[in-house]
Amino acid sequence: GTSRDVDPNANDLQVESLARFAVDEHNKKENVSLEYRRLIGAKTQVVAGTMHHLTVEVADGETKKVYEAKVLEKAWENLKKLEDFTHLRMFSFIT
């Protein structure tokens, strides 16, 4: 299906929870300790479940970094799976 934007400022606790989940899963998988800072953007896409495309700001020590995370969610199977977590090196911060 087509993807739709989710307002990252809408205080959607489910979407923020998924963003935190993505950072935690990446930390476990890569044995790193990125710290979740904020959700910058989000899209959802209905597939066999819902694919959440999340743009997440993290702290790597004192350095701000931005990642694009893809989290597959199948509520009826109680499944959440991090599909991808990619560093966006060219992202410029808007303060």
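Biologist: Which residue forms a salt bridge with Arg38, and how far apart are the closest N and O atoms?

Modeller: This is a predicted model, in which local features need pLDDT of at least 70, side-chain atom pairs count only at pLDDT 80 or more, and totals for chains, interfaces and linings use all residues. Residues are numbered from 1 along each chain as its sequence is written, and side-chain values use heavy atoms, with hydrogens and water left out. A salt bridge here is a side-chain nitrogen of Lys or Arg within 4 Å of a carboxyl oxygen of Asp or Glu. On that criterion the partner of Arg38 is Glu57, and the closest N and O atoms are separated by 2.6 Å.

Biologist: Which parts of the chain does that pair tie together, and how many residues apart are they in sequence?

Modeller: Helices (H or I, at least four residues) and strands (E, at least two) are DSSP runs, numbered from the N terminus. Glu57 belongs to strand E3 and Arg38 to strand E2 (residues 35-47), so the pair ties together parts whose separation in sequence is 19 residues.

Biologist: Is Glu57 buried or exposed, and what is its relative accessible area?

Modeller: The scale calls a residue buried under 20% relative accessible area, exposed over 50% and partly exposed in between, with a 1.4 Å probe and protein chains only. Its partner Arg38 is partly exposed at 36% relative accessibility. Glu57, in contrast, falls in the buried class, with a relative accessible area of 3%.

Biologist: How many residues of E3 are buried?

Modeller: Strand E3 is largely enclosed by the rest of the structure. One example from this strand is His53, which counts as buried because its relative accessibility is 16%. For E3 as a whole, the number of buried residues is 10 of the 12.

Biologist: Which side chain makes a polar contact with the side chain of His53?

Modeller: A polar contact is a pair of N or O atoms within 3.5 Å; within protein, one must be able to donate a hydrogen and the other to accept it, and residues adjacent in sequence count only if both atoms are side-chain atoms. Under the broader notion of contact (heavy atoms within 4.5 Å), and not counting residues up to four places away in sequence, His53 touches several residues, including Gly41, Glu68 and Lys70. The polar contact of the His53 side chain, at 3.3 Å, is with the side chain of Gln45.

Biologist: How many bridges join E3 to E4?

Modeller: Two strands pair if DSSP finds at least two bridges between them. Strand E3 (residues 49-60) and strand E4 (residues 63-74) run antiparallel, with His52 opposite Val71 and Asp60 having Thr63 as its bridge partner. Their hairpin has 2 residues between the strands, and Gly61 there takes a positive phi near 70°. The number of bridges that join E3 to E4 is 11.

Biologist: Which residue in the turn between E4 and E5 has a positive phi?

Modeller: E4 and strand E5 (residues 79-87) pair in the antiparallel sense over 8 bridges, and Lys74 stands opposite Leu79 in E5. The two strands form a hairpin with 4 residues between them, and the turn residue with a positive phi, of about 55°, is Asn78.

Biologist: Which two residues form an aromatic pair?

Modeller: Rings of Phe, Tyr and Trp (its six-membered ring) pair if their centres lie within 6.5 Å; planes under 30 degrees apart count as stacked, over 60 as edge-to-face and the rest as tilted. The structure holds 1 such pair, which is stacked at 4.6 Å centre to centre with 25° between the planes, and its members are Tyr67 and Phe85.

Biologist: What are the relative accessibilities of Tyr67 and Phe85?

Modeller: Tyr67 lies in strand E4 and Phe85 in strand E5, 18 residues apart. Both rank as buried, Tyr67 at 9% and Phe85 at 12%.

Biologist: Which residue of helix H1 forms a salt bridge with Lys28?

Modeller: The structure holds 5 salt bridges. Lys28 and its partner both lie in helix H1 (residues 13-30), 3 residues apart, about one turn of the helix. Lys28 counts as exposed at 61% relative accessibility, whereas the partner is partly exposed at 25%. That partner, with an N to O distance of 3.3 Å, is Glu25.
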